[in-house]
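Visitor: Could you take me through one part of this protein, slowly? I'd like a close look at a single spot.

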Amino acid sequence: MVATGAATPTLDPTSFSSSSRCPRRFNAGFLKMPTQLLPATERSRPPSRSFRKRLECSAVAAPAAVGEKAERIGSLSQVSGVLGSQWGDEGKGKLVDILAEHFDIVARCQGGANAGHTIYNSEGKKFALHLVPSGILNEETLCIIGNGVVVHLPGLFNEIDGLESNGVNCNGRILVSDRAHLLFDFHQEVDGLREAELANSFIGTTKRGIGPCYSSKAIRNGLRVCDLRHMDTLVRSSRSY
């Protein structure tokens, strides 16, 4: 996951070519859920309500620690990365949730719905995120699902619906790269079958289809988000599976 303190980038809808399946341009684009592009904005914001509340609670408990925390966060560069160096469950989601208060953008750069990032809002309500970046609880943060992520659209829509039903505004705050690969139900089926075939030597995957989808990406027969713009060729492309 990557967070950046730079101003929100300008996304010009005219830069997307309807004649090209996947435009080979640096700003090839992001799709806002459900379909529109995010309007260009320049934001300079005060601390959010949730951050002020957390800071006030922390100040009562340990004022010296609050000053040290603010100094350490202030020393971060405009672009900072949160990486896991072990086998997962290092607390990446919680750390990103904390840092999101200080950055305009939180971007997830790889993985899929096998993630389980557990975070809490200022009222103590628990949220378990699988595809949506962990900065979503900070109402001022733009969340990006990057091109290295494999996206299971039904799962993503269900996750967004769950957030909205619990009072989290996702409107205009989630962008999905049009280069991200699509994960289908059959990827999950293949994942489960391979685990069963390995028997006692099984890998122990979450059976969410992450590995098979990345395999499709590696051998260049996968489908990407940009293919959804060309439904007339999508069916033909899917037959390559």
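Which residues does UniProt list for "active site"?

Guide: Sure, and keep in mind that this is a predicted model. For "active site", an unreviewed UniProt entry lists Asp89, His117 and Lys217. Of these residues, Asp89 and His117 are included in the lining of the largest pocket.

Let's start with Asp89. You'll find Asp89 in the loop that runs between strand 3 (79–81) and helix 3 (92–99). Its relative accessibility is 81%, so Asp89 counts as exposed, the cut-off being over 50%. Now hop over to His117, which sits in strand 5. His117 has 10% relative accessibility, so this residue counts as buried, which means under 20%.

Asp89 and His117 also turn up in another record. The unreviewed UniProt entry places the feature "binding site" at Asp89, Glu90, Gly91, Lys92, Asn114, Ala115, Gly116, His117, Thr206 and Arg220. Of these, the lining of the largest pocket includes Asp89, Glu90, Gly91, Lys92, Asn114, Ala115, Gly116, His117 and Thr206.

Take Gly116 from that list: look for Gly116 in the loop between strand 4 (105–108) and strand 5 (117–120). At 49% relative accessibility, Gly116 counts as partly exposed. Leaving aside residues up to four places away in sequence, Gly116 touches Leu129 and His130.

Last stop, Arg220, another residue of the "binding site" record. Arg220 lies in the loop between helix 6 (210–218) and helix 7 (231–238). With 77% relative accessibility, Arg220 counts as exposed.

Notes: Residues numbered from 1 in each chain as written. Predicted model: local features only at pLDDT ≥ 70, side-chain atom pairs only at ≥ 80, totals over all residues. Heavy atoms only, no water. UniProt positions renumbered as here; feature names shortened; annotations may be inferred. 1 Å grid on protein atoms, 1.4 Å probe; cavity = no way out; pocket = protein on both sides within 12 Å on 5 of 7 lines; lining within 4 Å. Helix = DSSP H or I, 4+ residues; strand = E, 2+ residues; numbered from the N terminus. Buried < 20%, exposed > 50% of the residue type's maximum accessible area, 1.4 Å probe, protein only. Contact = heavy atoms within 4.5 Å.
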